[in-house]
Amino acid sequence: MPCILPVSDLRNYNEVLQNVSEGSPVFLTKNGRGCYAVIDIKEYEQLTAEHKLRRALEEGEKSAEQNGWLMAADVRAKYEV
């Protein structure tokens with residue numbers, strides 16, 4: 001069950017932070033609407049890494065569509081040690 005609290009609960013931020021754990025963020029609302037999420041640093045780092053990887057893959061796909069795809073054998077030959 002998600003932990004949803006009003007942003008005003010940040011006055012007692014220690015209590016709010018006790019509810020945060022990996023895979024279990026705390027969602028803060030403002031005027032009854034979702035506004036912020038407090039997440040564990042490990043989860044943040046994982047999300048950031050996934051986002052960077054996704055962007056790199058999208059750039060690679062775009063490059064391949066513009067410049068043509070390489071055959072797997074060509075790539076292996078180029079990077080063989």
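**Exercise 1. In which helix is Leu-17 found?**

Before we start: this is a predicted model, where local features need pLDDT of at least 70, side-chain atom pairs count only at pLDDT 80 or more, and totals for chains, interfaces and linings use all residues. Residues are numbered from 1 along each chain as its sequence is written, and side-chain values use heavy atoms, leaving out hydrogens and water.

Step 1. Leu-17 is found in helix 1, residues 13–18. Helices (H or I, at least four residues) and strands (E, at least two) are DSSP runs numbered from the N terminus.

Step 2. With a relative accessible area of 46%, Leu-17 is partly exposed. The scale runs as follows: buried is under 20% relative accessible area, exposed is over 50%, and partly exposed is in between (1.4 Å probe, protein chains only).

**Exercise 2. Work out how the model's confidence is spread.**

Step 1. pLDDT is the predictor's confidence in each residue, from 0 to 100. Its mean over the chain is 94, and 99% of the residues reach 70 or more.

Step 2. Now look at the elements: confidence is highest in strand 2 (residues 26–30), at 97, and lowest in helix 3 (residues 72–79), at a mean of 89.

**Exercise 3. Follow the contacts between Ile-4 and Thr-29.**

Step 1. Place the two residues: Ile-4 lies in strand 1 (residues 3–6), and Thr-29 lies in strand 2.

Step 2. Check their cover. Ile-4 is exposed at 53% relative accessible area, whereas Thr-29 is buried at 18%.

Step 3. List the contacts, meaning heavy atoms within 4.5 Å. Leaving aside neighbours within four places in sequence, Ile-4 touches Phe-27 and Thr-29. With that same exclusion, Thr-29 is in contact with Ile-4, Leu-5, Pro-6, Val-7, Gly-34 and Cys-35.

Step 4. For a distance along the chain, take Ile-4 and Lys-42: they are 38 residues apart, and their C-alpha atoms are separated by 20 Å.

**Exercise 4. Why does Cys-3 form no bond with Cys-35?**

Step 1. Recall the chemistry: a disulfide is a covalent bond between the sulfur atoms of two cysteines. The test used here is a pair of cysteine sulfur atoms within 2.5 Å.

Step 2. Apply the test. The closest cysteine sulfur to that of Cys-3 is in Cys-35, and because it is 16 Å away, it is too far for a bond. Cys-35 is likewise in no disulfide.

Step 3. Count: the rule gives zero disulfides.

Step 4. Finish with accessibility: Cys-3 is buried, at 19%, while Cys-35 is partly exposed, at 38%.
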